[in-house]
Amino acid sequence: MRISPAAAASLLPLLLLLSLLAAAPPAEARRHKDGIDIDGEKMCDRGWECSGSRFCCNETITDYFKAYQFEELFANRNDPRLAHAAGFWDYHSFITAAALFEPRGFGTTGGRATGMREVAAFLGHVGAKTSCGYSVAPGGPLAWGLCYNHELSPSQSYCDNSNELYPCVEGVEYYGRGALPVYWNFNYGIVGLGIKQDLLNHPELLEQNATLAFEAAIWRWMTPMKRKQPSAHDVFVGNWKPTKNDTLSKRYPGFGATMNILYGDLVCGQGSIDKMNVIVSHYRHYLDLMGVGSDNAGDNLDCADQSLLAVDKARRKGMELTNLPHIAASSRFFSSCSRCNCRVRRTGKIVIGASATGSRCSNADSACSYPIEQQNADFLPGPRSSLCYRRRDFASVALLPFILPHVNIASAAESIDGSVIQSGVRNVLSKVKAAGMLRLAFHDAGTFDIADKSGGMNGSIIYEVDRPENTGLNKSIKVLRKAKEVIDGVQQVSWADLIAVAGAESVALCGGPEIPVRLGRLDSSTADPTGKLPEETLDATALKTLFSKKGFSTQEMVVLSGAHTIGGKGFGNPNVFDNAYFKVLLEKPQPSSSGMPAMVGLRTDWALTEDDECLRWINLYAQDQTKFFADFKDAYIKLVNTGASWRSA
């Protein structure tokens, strides 16, 4: 068919439009190489630390805060004279956790100066809350931050049985743990939901994994604890604009407001008290050490005269963080009220909760919950303040089964007899097989990646035996399969639990420490991602980076490497678990009969001796086998727990 010139001319605009549409890239690809989105939003990619955010176009934390500065801030954290968490906290753990929040603006809001001030502010809170310094301590009272990772002598379990959303787990204690210590069952539930970890069942993760401890603290710093309330990050970097009521109550953006949000009337509104001043002093001290200078700390440093920031004024002295994060932006799940007479639904009955103050809820048909955190160990009474939700908000409660993870009630109700599993493993285990069993546990658990929460102790190793790094492990799996068949005849056992127990039993059988293993892990039905285990060609720096991405410190990496003391690596008696591994590393390789150096261990073993930090731990464990046993026990427990999914109690 022929088209007339006039018709062709009339079709030209339509053809041009179609050609433009055909040439247009899809929406998700509409970004220029310079990081400018087609809609004008600037997005940048800074690699593993920060990507896909406008904040990543600014300097990242590693650009201005280096490992040596972290060491200067917390120089005494590993000092045996006072420190109670030696070897736990390190720079890599902090940076790994911080990288999860840099795309949201943590340390990346504004320019370098603002970022450095925010890092100093956050670490100032952390240092003050984990310090064991005192007025005449070596180096002064501000030189002992990160001395603790948990409350040493808890006077109670911090269990509030009245909280039905986050009920206490039998046998679990909710004392203070972490970089900004978390107390009480409901707070562990809330923070766990925020960082996607089952802290309600396993609060110990915050004292076993430094990266998770920092992650929980930064989440709290970045997250508003109540609707219409800013986060500590917001009030510090200037995102929050005070209302007229705020200014009348002397609440202004700055470091002082961060204390108001994090601690409330424990610290603020009480004049110039020591609890407030020591936090401010840590912040200013860290600014000096980082080269920013305490003169640049900003305005409104304290909260001595500030009224509480949008919180329940009936809060009891000695309690902190009476706020709950909202479930969703559109939800009015919690509405605050004074401590009041509330109708509480428990076990199918309506009971009346008495008020300490005699005040009443604004709505007579209310129910109470008790989300309060106790930050300091010297304040002991249980929670009394309440947040209330109204009947019309019960629709949100009805949605909770769809928000929270599904739990198989039948399997959760079953108890696990550890002696049955232990006996089954011992019946198939021998010293010759011990090294293979321990390697099996390491390779199953060692796939954990803290960035995407993948891998961990989940039994997936049974699907991964064909991978080159797992050569020979099929023999150990075959042995354990025999044990599993017997154990399953009495009670069901997961591969993850079985392998964790087998590794611990192998250590004990060869003369190492007795290691208790928590039971209840769930198995994965698929293989873990590849490339998660350390390659044998890595140097010490690469090894430290890899382990930090799994949430492990340099000390933990070194002590776990001591597992090579058994087996055929050449470190002493292959059937004896001792500290010979570290002693051999300190010796020069001995020549064989052919005159060539003897092949002892792996390249990664000897790489540890080339790093000063690793070498310090190698020397310690070579001299003190008791210390090696104690630290290996702790690190192994952390290894087989981190990243695991658990049956609910």
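**Exposure, helix packing and salt bridges**

Asn300 is partly exposed, its relative accessible area being 32% (buried is under 20%, exposed over 50%, partly exposed in between; 1.4 Å probe, protein chains only). The model is predicted, so local features require pLDDT of at least 70 and side-chain atom pairs pLDDT 80 or more, whereas totals for chains, interfaces and linings use all residues. Residues are numbered from 1 along each chain as its sequence is written, and side-chain values use heavy atoms, without hydrogens and water.

Although Asn300 is not a glycine, its phi is positive, at about 55°. Asn300 is placed in the loop between helix H12 (274-289) and strand E3 (335-336); helices (H or I, at least four residues) and strands (E, at least two) are DSSP runs numbered from the N terminus. A second non-glycine residue with a positive phi is Lys453, with a value of about 60°. Lys453 belongs to the loop between H16 and H17 and is partly exposed, with a relative accessibility of 24%. A positive phi of about 60° is also taken by Gly264, just after H11.

The helix that precedes Gly264 is H11, spanning residues 255-263. Nine of its nine residues are buried, so H11 is largely enclosed by the rest of the structure. The buried set consists of Phe255, Gly256, Ala257, Thr258, Met259, Asn260, Ile261, Leu262 and Tyr263. These residues of H11 pack against helix H5 (112-129), H8, helix H9 (232-237) and H12, where contact means heavy atoms within 4.5 Å.

Two packed helices are described by the angle between their axes and the distance between the axes. Helix H16 (residues 431-445) packs with helix H18 (residues 495-509) at an angle of about 140°, and their axes are 8 Å apart. Axes are lines fitted to C-alpha atoms, for helices over the stretch in contact, and angles run from 0 to 180 degrees between N-to-C directions. H16 and H18 are therefore oblique to each other (under 35 degrees counts as roughly parallel, over 145 as roughly antiparallel, 65 to 115 as roughly perpendicular and the rest as oblique). The contact involves Lys431, Ala434, Met437, Leu438, Leu440, Ala441 and Asp444 of H16, together with Ile499, Ala502, Gly503, Ser506, Val507 and Leu509 of H18. Sorted by class, the contact of H16 with H18 has nine nonpolar, two polar and two charged residues. Here Ala, Val, Leu, Ile, Met, Phe, Trp, Tyr, Cys and Pro count as nonpolar, Asp, Glu, Lys and Arg as charged, and the others, Gly among them, as polar.

H16 is also in contact with H17. The axes of H16 and H17 come within 9 Å and cross at roughly 100°, and the two helices are therefore roughly perpendicular to each other. On the H16 side, Lys433, Gly436, Met437, Arg439, Leu440 and His443 meet Leu473, Ser476, Ile477, Val479 and Leu480 in H17. The contact of H16 with H17 comprises six nonpolar, three polar and two charged residues. Met437 and Leu440 of H16 are listed in the contact with H18 and in the contact with H17.

Across the whole structure, 17 salt bridges are found (a side-chain nitrogen of Lys or Arg within 4 Å of a carboxyl oxygen of Asp or Glu). One of them pairs Glu204 with Arg518, and the closest N and O atoms are 3.4 Å apart. Glu204 lies in the loop between helix H6 (185-195) and helix H7 (205-208) and Arg518 in the loop between H18 and helix H19 (540-548), so the pair ties together parts that are 314 residues apart in sequence. Glu204 counts as buried at 11% relative accessibility, whereas Arg518, at 35%, counts as partly exposed.

Lys453 takes part in a salt bridge with Glu215, with the closest N and O atoms 3.4 Å apart. Because Glu215 is in helix H8 (residues 210-222) and Lys453 in the loop between H16 and helix H17 (473-488), this pair ties together parts that are 238 residues apart in sequence. Glu215 is buried, its relative accessible area being 4%.

The loop between H16 and H17 also holds Asp449, whose side chain meets that of Lys532 in a salt bridge (2.7 Å, N to O). Lys532 lies in the loop between H18 and H19, and the pair links distant parts of the chain, 83 residues apart. Both Lys532 and Asp449 are buried. In addition, a network of salt bridges links Lys544, Asp611 and Glu613.
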